[in-house]
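Hello,

Here is the structure I promised to pass on to you. Have a look at it first, and then read on for what turned up when I went through it.

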Amino acid sequence: MSDTVTMLISSGGGPMECRQAVAHALRLFLKEAQAMKLTTDIAKENTSHGPKSVVVQVHGKNAKVLADNWTGTIQWICKSNLRPSHKRQNWFLGVFQLPVANEATPINAMDIRFESFRAGGPGGQHQNTTDSAVRATCMRTGLCVVVRDGRSQHRNKTLAMERLQELKNARDLHIQNERGHQKNMLHHKLERGNPRRIFKGISFEEVHK
């Protein structure tokens with residue numbers, strides 16, 4: 001089975017601009033994952049300016065490589081478009097690798113809606129020659145995963161169940177940590193010095209050091 005890394009992209013309790021930065025970072029993170037032929041599953045809340053935090057699971061041979069390239073503090077240099085008179089132009093977010101979560105409440109198979117479709121993706125010439133790709137949505141949690149790794153719809157449904165459970169476990173652990181206000185909570189470990197990567201402008205273009 002391919003490697004899996006669970007990531008947290010967090011605004012660190014920062015203002016709305018930091019949530020915008022999380023949305024920008026997530027978009028670029030997913031683009032880089034796609035370029036590396038990695039599969040991703042996402043758990044986030046929907047907000048007007050961007051999510052406070054996002055849990056992302058990355059699946060694939062080079063998942064750790066991508067994760068290491070993002071782990072740390074991310075700096076975004078941009079004049080606020082939400083508060084034009086605000087003088088601050090430096091916004092920060094944190095990207096962390098989460099530990100493997102213990103199994104939480106199992107997802108009820110009756111709550112899962114499966115959809116099959118034909119989709120391209122990694123796997124070679126025999127991949128998805130039929131409508132074997134599967135989108136699985138947990139109606140109770142709203143979590144959704146797309147699986148195209150296997151060569152049969154039955155196998156992809158099994159993988160989808162496993163990945164939905166893994167994603168739910170990671171999300172539930174993160175929510176539990178947030179509510180518990182633990183001293184070592186990852187949100188508050190965001191270091192605003194020595195950023196791992198720097199981006200600039202509303203287009204979120206990377207600035208190379």
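In which sense do strand 2 and strand 3 pair, and over how many bridges? Strand 2, residues 39-44, pairs with strand 3 in the antiparallel sense, and six bridges hold that pairing. Within it, Ile42 stands opposite Val56 of strand 3. Please keep in mind throughout that this is a predicted model.

**The overall picture**

The protein chain has three helices and 10 strands. Along the sequence they follow the pattern β-α-β-β-α-β-β-β-β-β-α-β-β. Of the 209 residues in the protein chain, 44% are buried. Taking the contacts between residues at least 6 apart in sequence, 63% join residues at least 24 apart.

**Strand 3 and its partners**

Strand 3 has a partner in strand 1 as well as in strand 2. Strand 1, residues 4-10, runs antiparallel to strand 3, and seven bridges join the two. There, Val5 stands opposite Val58 of strand 3.

What about burial? Strand 3 covers residues 53-59, and seven of its seven residues are buried, so this strand is largely enclosed by the rest of the structure. You can check this from both sides: Ser53, Val55, Gln57 and His59 point one way, Val54, Val56 and Val58 point the other way, and all are buried. The side of strand 3 with three residues is made up of valines, namely Val54, Val56 and Val58.

Strand 2 is another matter, as it has a covered face and an uncovered one. Thr39, Asp41 and Ala43 form the covered face, while Thr40, Ile42 and Lys44 form the uncovered one. Ile42, the residue opposite Val56, therefore belongs to the uncovered face of strand 2, whereas Val56 is one of the buried residues of strand 3.

**Two helices that pack together**

Next, take a look at helix 1 (residues 16-35) and helix 2 (residues 63-70). Their axes come within 11 Å and cross at roughly 150 degrees. That angle makes helix 1 roughly antiparallel to helix 2, and the crossing is right-handed. On the helix 1 side, the contact is made by Ala25, Leu28, Phe29, Glu32 and Ala33, and on the helix 2 side by Leu66, Asn69 and Trp70.

Helix 2 also holds Asp68, which is partly exposed with a relative accessible area of 35%. Not counting residues up to four places away in sequence, Asp68 touches Gln97 and Arg196. Asp68 and Gln97 are 29 residues apart in sequence, and their C-alpha atoms are 8.4 Å apart in space.

**Two residues with a positive phi**

Most residues other than glycine have a negative phi. Two residues in this model are worth a look with that in mind. Lys37 is not a glycine, but its phi is positive, at about 60 degrees. Lys37 sits in the loop between helix 1 and strand 2, and it counts as exposed at 59% relative accessibility.

Phe204 also has a positive phi, about 55 degrees, although it is not a glycine. Where does Phe204 lie? Its place is the loop between strand 9 (197-200) and strand 10 (205-207). Is Phe204 buried or exposed? Phe204 is buried, with a relative accessible area of 4%.

**Val147 in strand 8**

Val147 lies in strand 8, residues 144-147, and it is buried, with a relative accessible area of 0%. Leaving aside neighbours within four places in sequence, Val147 is in contact with Ala133, Val134, Asn156, Leu159, Ala160 and Arg163. Val147 and Lys157 are 10 residues apart in sequence and 7.7 Å apart in space, C-alpha to C-alpha.

**Cysteines**

How many disulfides does a search of the whole structure find? The search finds zero. Cys18 is buried, with a relative accessible area of 1%, and Cys138 is buried too, at 2%.

If you open the model in your viewer, strand 3 with its antiparallel partners would be my suggested starting point. The crossing of helix 1 and helix 2 could come after that.

Best wishes

Methods
Residues are numbered from 1 along each chain as its sequence is written. This is a predicted model: local features need pLDDT of at least 70, side-chain atom pairs count only at pLDDT 80 or more; totals for chains, interfaces and linings use all residues. Side-chain values use heavy atoms; hydrogens and water are left out. A disulfide is a pair of cysteine sulfur atoms within 2.5 Å. Buried means under 20% relative accessible area, exposed over 50%, partly exposed in between (1.4 Å probe, protein chains only). Helices (H or I, at least four residues) and strands (E, at least two) are DSSP runs, numbered from the N terminus. Two strands pair if DSSP finds at least two bridges between them. Axes are lines fitted to C-alpha atoms, for helices over the stretch in contact, and angles run from 0 to 180 degrees between N-to-C directions. Angles under 35 degrees count as roughly parallel, over 145 as roughly antiparallel, 65 to 115 as roughly perpendicular and the rest as oblique. A crossing is left-handed if the near helix is turned anticlockwise from the far one by less than a right angle, and right-handed if clockwise. Contact means heavy atoms within 4.5 Å.
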